Amino acid sequence: MNKNVILEVEDLEKTYPSGEKALNRVSVKVHEKEFVAIIGLSGAGKSTLLRCINRLVEPESGKVFLEGVEITSLDPRELRYARRNMGMIFQEFNLVERLTVLQNILTGRLGYTGMVRSIFRQFHKSDIERAVELSEIVGIKPYLHKRADKLSGGQRQRVGIARALIQDPKILLVDEPTSSLDPAIGHDVMDEFHRTAKKLGVPVLVSIHDVNLALEYADRIVAMRDGQKIFEGNTSEVNKEKLSEIYQYEI
Ligand SMILES: Nc1ncnc2c1ncn2[C@@H]1O[C@H](COP(=O)(O)OP(=O)(O)OP(=O)(O)O)[C@@H](O)[C@H]1O
Ligand SMILES: [Mg+2]
């Protein structure tokens, strides 16, 4: 199978000022429509990898290409523009509490530069229609006019997903989307998230704490340990031996 590469990460390195080597020459590829999970113990470097890809954290060396465009060489203005192509969904659902679900989804159209103030300007009718459509796909349409601070954790995470998707991103970078939810709710959110990404054909690179969720939903797995990639392959290749190596326990 010869699928197009959407995201290409080459030899990324990051050392935090504390001297901690969080990424050690990490390379990863994500192909079109692929759902790729990053797994590994706490502190392995999963969040750092995701943040270096869109340069929320600046890597000290290595390259990132998104559809052939080198993200790592862009100047700040070009980077702001390029980030619109990378939908981000974080562990902490950073919604604007006093805005409604609909308004929060629409903030996705503002990119990362938009001010909260500009939310009150007119949005295009087509954006509003798209927001309503996405809310239906992720299962929050009944709450469109509810304020964000009145939502449950699972509902909040779905708003975050719809907000990332309304940008029409070329890829979604997702950090632990379910780790702050009850396991059953987390499973539902992952299920809907996976279905939505596949339906829209958006490739996903997602860090997942719960290895069972990763194995259930991912097409491919990237495993990290102490800042290094120690495995990349199809989910079916992840066996007991691999898991014991990734999570550092004896079988
Ligand atoms: N802002 C920071 N400043 C200094 N060190 C950091 C910073 N962020 C992360 N680190 C260190 O870098 C390493 C990788 O951290 P990272 O957050 O990327 O791991 P993770 O795999 O996402 O872990 P978790 O599963 O707990 O979210 C850890 O040793 C961590 O202590
Ligand atoms: Mg993390």
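In the predicted model, phenylalanine 65 faces glutamate 70 of strand β5. This pair belongs to the junction of β4 (residues 61-66) with β5, where two bridges join the strands in antiparallel orientation. Both strands are part of an open, four-stranded sheet with the order β2-β1-β4-β5 and antiparallel pairing. Its edges are formed by β2 and β5 (69-70), each of which pairs on one side only. Strands of a sheet pair through backbone hydrogen bonds, either parallel or antiparallel.

Within this sheet, β1 pairs with β2 through seven bridges, and the two strands run antiparallel. Valine 9 is placed opposite valine 28 of β2. The two strands make up a hairpin with five residues between them. In the turn of this hairpin, glycine 19 adopts a positive phi of about 95 degrees. Strand β1 is also joined to β4, in this case by five bridges and again in an antiparallel arrangement. Here glutamate 13 is found opposite serine 61 of β4.

A second open sheet contains six strands in the order β6-β7-β8-β3-β9-β10, and its pairing is mixed. The edge positions are taken by β6 (86-89) and β10; each has a single partner strand, so one side of each lacks a neighbour in the sheet. On average, neighbouring strands of this sheet are turned by 15 degrees against each other, direction ignored.

The mixed character of the pairing can be followed at β9. On one side, four bridges connect β9 to strand β3 (residues 35-39), and these two strands are parallel. Alanine 37 stands across from isoleucine 221 of β9. Six bridges connect β9 to strand β10 (residues 228-234), and this pair is antiparallel. Methionine 224 has lysine 229 in β10 as its bridge partner. Strands β9 and β10 constitute a hairpin with two residues between them, and aspartate 226 in the turn has a positive phi of about 50 degrees. Of the six residues of β9 (residues 220-225), five are buried, so the strand is largely enclosed by the rest of the structure.

Helix α1 (46-53) is in contact with strands of both sheets. In the four-stranded sheet, α1 lies across β1 (5-15), β2 and β4, and runs at about 115 degrees to β1. In the six-stranded sheet, α1 lies across β3, β6, β7 (171-175), β8 (204-207) and β9, with an angle of about 145 degrees to β7. Six of the eight residues of α1 are buried, so the helix is largely enclosed by the rest of the structure. The buried residues are Lys46, Thr48, Leu49, Leu50, Cys52 and Ile53. The helix is followed by arginine 55, which has a positive phi near 65 degrees.

Helix α1 also takes part in the second largest pocket, which holds about 220 Å³ of space. Sixteen residues line this pocket, and Gly43, Ala44, Gly45, Lys46 and Thr48 lie nearest its centre. Lys46 and Thr48 are also among the buried residues of α1. Strand β2 (21-31) and α1 each contribute at least two residues to the lining. The largest share, three residues, is supplied by α1. By class, the lining comprises three nonpolar, seven polar and six charged residues.

Alanine 197 is located in helix α6 (residues 183-200). Its relative accessibility is 4%, and the residue therefore counts as buried, the limit for this class being under 20%. Apart from neighbours within four places in sequence, alanine 197 is in contact with Phe35, Val202 and Val204. Phe35 falls in strand β3 (residues 35-39), and Val204 in β8 (204-207). Between alanine 197 and glutamate 60 there is a separation of 137 residues in sequence and of 31 Å in space, C-alpha to C-alpha.

Notes: Residues are numbered from 1 along each chain as its sequence is written. Chains are lettered from A and ligands numbered from 1 in the order in which they are written. This is a predicted model: local features need pLDDT of at least 70, side-chain atom pairs count only at pLDDT 80 or more; totals for chains, interfaces and linings use all residues. Side-chain values use heavy atoms; hydrogens and water are left out. On a 1 Å grid over the protein atoms alone, a cavity is a set of points where a 1.4 Å probe fits but cannot get out, and a pocket is an open set with protein on both sides within 12 Å along at least five of seven lines; lining residues have an atom within 4 Å of a point. Grid points are joined across faces, edges and corners, and a volume is the space filled by probe spheres set on the points. Ala, Val, Leu, Ile, Met, Phe, Trp, Tyr, Cys and Pro count as nonpolar, Asp, Glu, Lys and Arg as charged, and the others, Gly among them, as polar. Buried means under 20% relative accessible area, exposed over 50%, partly exposed in between (1.4 Å probe, protein chains only). Two strands pair if DSSP finds at least two bridges between them. Contact means heavy atoms within 4.5 Å. Axes are lines fitted to C-alpha atoms, for helices over the stretch in contact, and angles run from 0 to 180 degrees between N-to-C directions.
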